[in-house]
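Let's take a walk through this fold, starting with the overall picture and then going helix pair by helix pair. Keep the viewer open as you read.

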Amino acid sequence: MADKTKKLKIYQIVFAVLTLAVMVIIFIFSSEDADTSSQTSSSLTKVAVTIIDKNYYNEPPAKQQEIWHQASFIVRKLAHFSIYAALGFCASIAAGRRRLFTLRSLGTVVFSFLYALSDEFHQSFSAGRSCEFRDMMIDTGGAALGLVISVAFMGIAGIIAAKRRKKDTEY
């Protein structure tokens, strides 16, 4: 049993370090000025516009601009959602195995919201960037999804481990 507890603690430490790494990545992205941030997302936007409109490059310039604007918005918001989903996932596993509706789960979401709040405030000091409440909510939604995925992941891992232990004791 002590070996199992030690393994769990190691996983929690690894995911605490991953949580810090995701936080650093978010901080770095938020430090970019508006032009650099746009360049960062433009390669993904290029892919998105060709998915949204297969005929994009044959559209009139005004239509291309409208499609680009919409795709850019979607890509940027998905980037917020995705990186905070990674934060929520890592922070949740670092918090340890538990059920979904617990104080530790709530703490993970609150932690992610507070980091999103501080991140948006930090971002407002970067040239051409602003603090957006909508982005904080998107970030928190991503973190909540990351938490749900992590709890499901930990539950499945627990079931597999229990089956392995049962199988080992049968022999």
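What follows covers confidence and overall shape, then the helix packing.

Keep in mind that this is a predicted model. The mean pLDDT of the protein chain is 91, with 96% of its residues at 70 or more. Among the elements, H4 has the highest mean pLDDT, at 95, while helix H2 (residues 34–52) has the lowest, at 86.

As for secondary structure, the protein chain has 5 helices and 0 strands, so to speak an α-α-α-α-α run from the N terminus on. Now the overall dimensions: the C-alpha trace spans about 70 × 35 × 25 Å along its principal axes. The radius of gyration is 20 Å, whereas a compact globule of 171 residues would have one near 16 Å.

On to the packing. Two packed helices are described by the angle between their axes and the distance between those axes. Let's go along the chain with that in mind.

Take H2 and H3 to begin with. Their axes come within 8 Å and cross at roughly 110°. That makes H2 roughly perpendicular to H3, since angles of 65 to 115 degrees count as such. The crossing is right-handed. On the H2 side, the contact includes a set of serines, Ser37, Ser38, Ser41 and Ser42, along with residues such as Leu44, Val49 and Ile52. H3 answers with Ile67, Trp68, Ala71, Ser72, Val75 and Arg76. By class, the contact of H2 with H3 divides into 9 nonpolar, 6 polar and 2 charged residues.

Next, follow helix H3 (residues 61–95) to where it meets helix H4 (residues 103–123): here the axes come within 10 Å and cross at roughly 140°. An angle of roughly 140° is not over 145, the cut-off for roughly antiparallel, and H3 and H4 are therefore oblique to each other. This crossing of H3 and H4 is right-handed. H3 brings His80, Tyr84, Leu87, Gly88, Ala91, Ser92 and Ala95 to the contact, and H4 contributes residues including Arg104, Phe111, Tyr115 and Asp119. The contact of H3 with H4 has 7 nonpolar, 5 polar and 3 charged residues.

Finally, H4 packs against helix H5 (residues 133–170) at an angle of about 150°, with the axes 9 Å apart. With the cut-off at 145, H4 and H5 are therefore roughly antiparallel to each other. H4 passes H5 in a right-handed crossing. Among the H4 residues in this contact are Val109, Phe113 and Leu117, and H5 offers, among others, Met136, Met137, Ala143, Ala144, Leu147 and Val151. The residues of the contact of H4 with H5 divide into 10 nonpolar, 4 polar and 3 charged.

One more thing to look for: which H4 residues touch both H3 and H5? Thr108, Ser112, Ala116 and Glu120 are in the contact with H3, and Thr108, Ser112, Ala116 and Glu120 are also in the contact with H5.

Note on methods: Residues are numbered from 1 along each chain as its sequence is written. This is a predicted model: local features need pLDDT of at least 70, side-chain atom pairs count only at pLDDT 80 or more; totals for chains, interfaces and linings use all residues. Side-chain values use heavy atoms; hydrogens and water are left out. Axes are lines fitted to C-alpha atoms, for helices over the stretch in contact, and angles run from 0 to 180 degrees between N-to-C directions. Helices (H or I, at least four residues) and strands (E, at least two) are DSSP runs, numbered from the N terminus. Angles under 35 degrees count as roughly parallel, over 145 as roughly antiparallel, 65 to 115 as roughly perpendicular and the rest as oblique. A crossing is left-handed if the near helix is turned anticlockwise from the far one by less than a right angle, and right-handed if clockwise. Contact means heavy atoms within 4.5 Å. Ala, Val, Leu, Ile, Met, Phe, Trp, Tyr, Cys and Pro count as nonpolar, Asp, Glu, Lys and Arg as charged, and the others, Gly among them, as polar. pLDDT is the predictor's confidence in each residue, from 0 to 100. The radius of gyration is taken over C-alpha atoms; the globule rule is 2.2 Å times the number of residues to the power 0.38.
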